[in-house]
Amino acid sequence: MKFQIDHDMHIHTFISPCAGYDPRQTAEAILAYGVSNDLRLLCIADHVWDKKVPSRSQNLWLERGIDLDRARSLLPLPQSKYCRFLFGMEADMDFDGNIAVSREEMDKLDFIIFAPSHMHLGGFSVPRDLDPSAEAHKALYLERLHLLMEKDIPFHKAGLAHPACPIVCEADPVRVFDLITDREYEEIWTKIRDRGMGVEINIDKRYTGESLEHIMRPLRIAKAIGCKFYLGGDAHTPDDFRDLNSRFHKYIDILGLTEEDKHPLVRANLAPEAPHFSI
């Protein structure tokens, strides 16, 4: 059976700075998006920093008041009989390799998305003096991926956010992913598969034509290795919901994904399917 578009595990609310604090992006608006699109599972994944995790660069979030306490102010999340709503977060990695959430707090979250591809924040996620070349970014991205695999993480409820995100190297993102060899990808995807971590289907809409084919290559390798996938729209405002369905269909078709490729946590948490009546 073809991979069903029945979930979205990566959605930001108005508390995320990257959402521009858009007051329309409330939990209620997100649930309405899910219900109107026949989704059976949603997850909030705001950018926050856990105060329990010391970091030389954590003030990027904390000075904006974006911490787990603020995120928890959204609780309890609204629910629908046919659309379950989970509470998670998107966890960044700083330039020292610290991740934004402690194991104690991970255990309280429903789902955690890790974003080692956030390499556009000099002085926070990467050193300010990082060589701007694609070669340097490729080497650091692989290092960050392997470092993430060695962390104490509940991998069964974790996902790898936007693995081919253009902000891994804003100057030349496609080249960064082209420089990673099939063998290097096979090594990291094998670790991800064996630990049970999900791989996010989240393709920047700027990738089209030939560039899209380049970006699909790592995901094709992940599928061949046996990784499991989930959908992450990465919406920051209600406007971002508009074309997600068509884009998800496109990527699912390109990769040839089936229900067997869906991450177990998603399958286990889907709300009951809404009845469909015909006249």
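In this predicted model, the largest pocket holds about 590 Å³ of space. Its lining is made up of 30 residues, and those closest to the centre of the pocket are Cys-165, Ile-167, Asp-204, Asp-234 and His-236. Two elements give two or more residues each to this lining, namely α2 (59-62) and α9 (244-255). Sorted by class, the lining of the largest pocket comes out as twelve nonpolar, nine polar and nine charged residues.

Next in line is the second largest pocket, with a volume of about 320 Å³. Here 18 residues do the lining, and Asp-38, Leu-39, Arg-40, Glu-273 and His-276 are the ones closest to the centre. By class, the lining of this second pocket splits into seven nonpolar, six polar and five charged residues.

On to the aromatic rings. A pair of such rings is described by how far apart the centres are and by the angle between the planes. The structure has five aromatic pairs. One of them joins Tyr-33 and Phe-241: the ring centres are 3.8 Å apart and the planes meet at 10°, so this pair counts as stacked, the cut-off being under 30 degrees. The two partners come from distant parts of the chain, 208 residues apart. Tyr-33 belongs to helix α1 (residues 27-36), while Phe-241 is in the loop between β7 (228-231) and α9, the helix that also helps line the largest pocket. Both partners are tucked away from the surface by the usual count: Tyr-33 has a relative accessibility of 7% and is therefore buried, and Phe-241, with a relative accessible area of 11%, is buried too.

Tyr-141 and Phe-177 form another of the aromatic pairs, this one edge-to-face, with 6.1 Å from centre to centre and 80° between the planes. It also links distant parts of the chain, although the separation here is 36 residues. Tyr-141 sits in helix α5 (residues 134-149) and Phe-177 in helix α6 (residues 173-179), which makes this a helix-to-helix contact. As for exposure, Tyr-141 is buried because its relative accessible area is 1%, and Phe-177 is buried because its relative accessibility is 0%; the limit for calling a residue buried is under 20%.

Finally, a ring can also have a charge as its neighbour. The charged end of Lys-262 sits over the ring of Phe-3, at 4.7 Å from the ring centre.

Note on methods. Residues numbered from 1 in each chain as written. Predicted model: local features only at pLDDT ≥ 70, side-chain atom pairs only at ≥ 80, totals over all residues. Heavy atoms only, no water. 1 Å grid on protein atoms, 1.4 Å probe; cavity = no way out; pocket = protein on both sides within 12 Å on 5 of 7 lines; lining within 4 Å. Points joined across faces, edges and corners; volume = space filled by probe spheres on them. Helix = DSSP H or I, 4+ residues; strand = E, 2+ residues; numbered from the N terminus. Nonpolar A, V, L, I, M, F, W, Y, C, P; charged D, E, K, R; others polar. Phe/Tyr/Trp six-rings, centres within 6.5 Å; stacked < 30°, edge-to-face > 60°. Buried < 20%, exposed > 50% of the residue type's maximum accessible area, 1.4 Å probe, protein only. Lys NZ or Arg CZ within 6 Å of the ring centre and 35° of its normal.
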